[in-house]
Amino acid sequence: MEKISTDAFPLTMHSSEKQETVCIFGTGDFGRSLGLKMLQCGYSVVFGSRTPQRSSLLPNGAEVMSYSDAAQKSDIIIIAIHREHYDFLTELTDVLNGKILVDVSNNLKINQYPESNAEYLAQLVPGTHVVKAFNTVSAWALQSGALDASRQVFICGNDSKAKQRVMDVIRSLGLTPLDKGSLVAANEIENYPLQLFPMWKFPFYLSAVLCVFFFLYCVIREVIYPYVYEKRDRTFRLPISIPNRVFPIAALTLLALVYLPGVIAAVLQLYRGTKYRRFPDWLDHWMLCRKQLGLIALGFAFLHVLYTLVIPIRYYVRWTWNNRTATQAITKKENPFSTTTSWLSDSYIALGMLGFFLFVLLGITSLPSVSNMVNWREFRFVQSKLGYLTLILCTAHTLVYGGKKFLNPSNLVWYLPSAYVIALIIPCTVLVIKFILILPCIDKTLMRIRQGWERNPKYSESALNGKTDI
């Protein structure tokens, strides 16, 4: 059998000649979890501790000794301690010289220090090769396995060979390294675990504003108005009836807002006659949040379905049906069957079910585990073509719900139309503009622009020279 060179595959666990050794400074939760994972993957692990005689919770098979002795066992040392305790490393300058130090620390606040922890470590021990890695992986993720957490590990450093060796370690642990460049990127990597849903803030705030607005709007129409003019207490509608109006309205509006930025972008490209100009920052941010807007819209659609299913067991509904049945029995009269009403009712339900089915399909395909299994054309077909079909079905579902009452003056309360009428404004606007954009004469021009054609090439040349925002 041909002999395999360890230089060709540095720090892999399959070497039959020598078991690679990795040193870990720190015996806390993360250090122990990382050491256990490395032992399971075939590495020899040495822990460095200020009190090696009292380190009794370490995984079986690992050695523990003083920092100075442990550092001599490996040329890769993982610093699994807090920045506040880095000072002792200055005493080990001679021992650490030329070694690779992997900084895994995080801070308590974003931009807590003027420089990143990794840059501070490089200044503290100048003779070493500092690499930032593993700070986006938790101790729980290492213990439970890569399938239960994100597999990506951000990494950065100034020495390419040092980064390559650390990336080999990461891959052997079943994780995926993502090179972010030089050590300057360490600040961004350290801030990443401290961010709370950075791409979800705008969708959450927007959803909250929509819900509050439509909830108050429905309260004015359905609770306050009857009390003022008829002295009727309709507050019992607050827990279910009004939320069941707000949720579908929010779902439809947010779904329309998923496709509105794409329509605006197409109109801008047609107006400018080129694709080589940046969109406004607000439009860029909006387009990046489309997935989150769609998932929140799907959540509201689920709530609408659940609230609708409990309608038959509500006391108010049962009381109304019983009274109506008793009245018909006493008066010996029945309501005549209306074919038109039956058609509208069944169409309303059918459109809602089909729209919800496609809505769920859009949500499933947006999951990384599913989207990674389809090519770009398939993903675009589902998210664009089926997405617009979902918007059409949900809009039609709302239109049929209104039926003949759509914009009927008798439905106005204090000159306020029904909430579902307001909910149709954005979806109908998006669909009308989209219909105009897919007309052959316009779609052909838009396709040419997206393929690189420009209406005014001289303007683009001046833009490239810095006269406009590119």
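**Close-up views of a predicted model**

**View 1. Lysine 163 in helix H6.** Lysine 163 sits in helix H6, which covers residues 160-172. The model shown here and in the other views is predicted. With a relative accessible area of 8%, lysine 163 is buried, because the limit for that class is under 20%. Leaving aside residues up to four places away in sequence, lysine 163 touches Val131, Ile155, Cys156, Gly157, Asp179 and Gly181. One of these contacts is thus with an aspartate, Asp179.

**View 2. Lysine 231 in the loop after helix H8.** The loop that holds lysine 231 runs between helix H8 (201-230) and helix H9 (243-272). Phi of lysine 231 is near 55°, a positive value in a residue other than glycine. The relative accessible area of lysine 231 is 64%, so this residue counts as exposed, the cut-off being over 50%. Lysine 163, by contrast, is buried at 8%.

**View 3. Tyrosine 415 in the loop before helix H16.** Tyrosine 415 belongs to the loop between helix H15 (376-402) and helix H16 (419-423). Its phi is positive, about 65°, although the residue is not a glycine. Tyrosine 415 is exposed, with a relative accessibility of 78%. In the UniProt record, an unreviewed entry, one of the ranges given as "transmembrane region" is 415-442. Over residues 415-442 the chain is 75% helix and 0% strand, and the C-alpha atoms at the two ends are 39 Å apart.

**View 4. Valine 64 in strand S3.** Strand S3 spans residues 63-65 and includes valine 64. Valine 64 is partly exposed, at a relative accessible area of 27%. Glutamate 115 is 51 residues away from valine 64 along the chain, and the C-alpha atoms of the two are separated by 31 Å.

**View 5. Residues 249-394, the annotated domain.** UniProt lists residues 249-394 as "domain: Ferric oxidoreductase" in an unreviewed entry. Over this range the chain is 82% helix and 0% strand. The end C-alpha atoms of residues 249-394 lie 10 Å apart. Residues 249-271 are also among the ranges that UniProt gives as "transmembrane region". That stretch, 249-271, is 100% helix and 0% strand, with its end C-alpha atoms 32 Å apart. Other ranges with the "transmembrane region" label include 204-229, 292-317, 348-374 and 386-403.

**View 6. The whole protein, for orientation.** The protein contains 19 helices and 8 strands. Its radius of gyration is 31 Å, well over the 23 Å that the globule rule gives for 470 residues, so the protein is more spread out than a compact globule. Taken along the principal axes, the C-alpha atoms fill a box of roughly 100 × 65 × 50 Å. Of the 470 residues, 40% count as buried. Among contacts between residues at least 6 apart in sequence, 70% join residues at least 24 apart. The accessible surface comes to about 27400 Å², and carbon and sulfur atoms account for 61% of this surface. There are 47 positive and 33 negative side chains, and the centres of the two sets lie 16 Å apart.

Notes:
Residues numbered from 1 in each chain as written. Predicted model: local features only at pLDDT ≥ 70, side-chain atom pairs only at ≥ 80, totals over all residues. Heavy atoms only, no water. UniProt positions renumbered as here; feature names shortened; annotations may be inferred. Helix = DSSP H or I, 4+ residues; strand = E, 2+ residues; numbered from the N terminus. Buried < 20%, exposed > 50% of the residue type's maximum accessible area, 1.4 Å probe, protein only. Contact = heavy atoms within 4.5 Å. Rg over C-alpha atoms; globule rule 2.2 N^0.38 Å. Areas by Shrake-Rupley, 256 points an atom, 1.4 Å probe, with all protein chains shown as cover. Lys, Arg positive; Asp, Glu negative; His and termini not counted. Charge placed at Lys NZ, Arg CZ, Asp CG, Glu CD.
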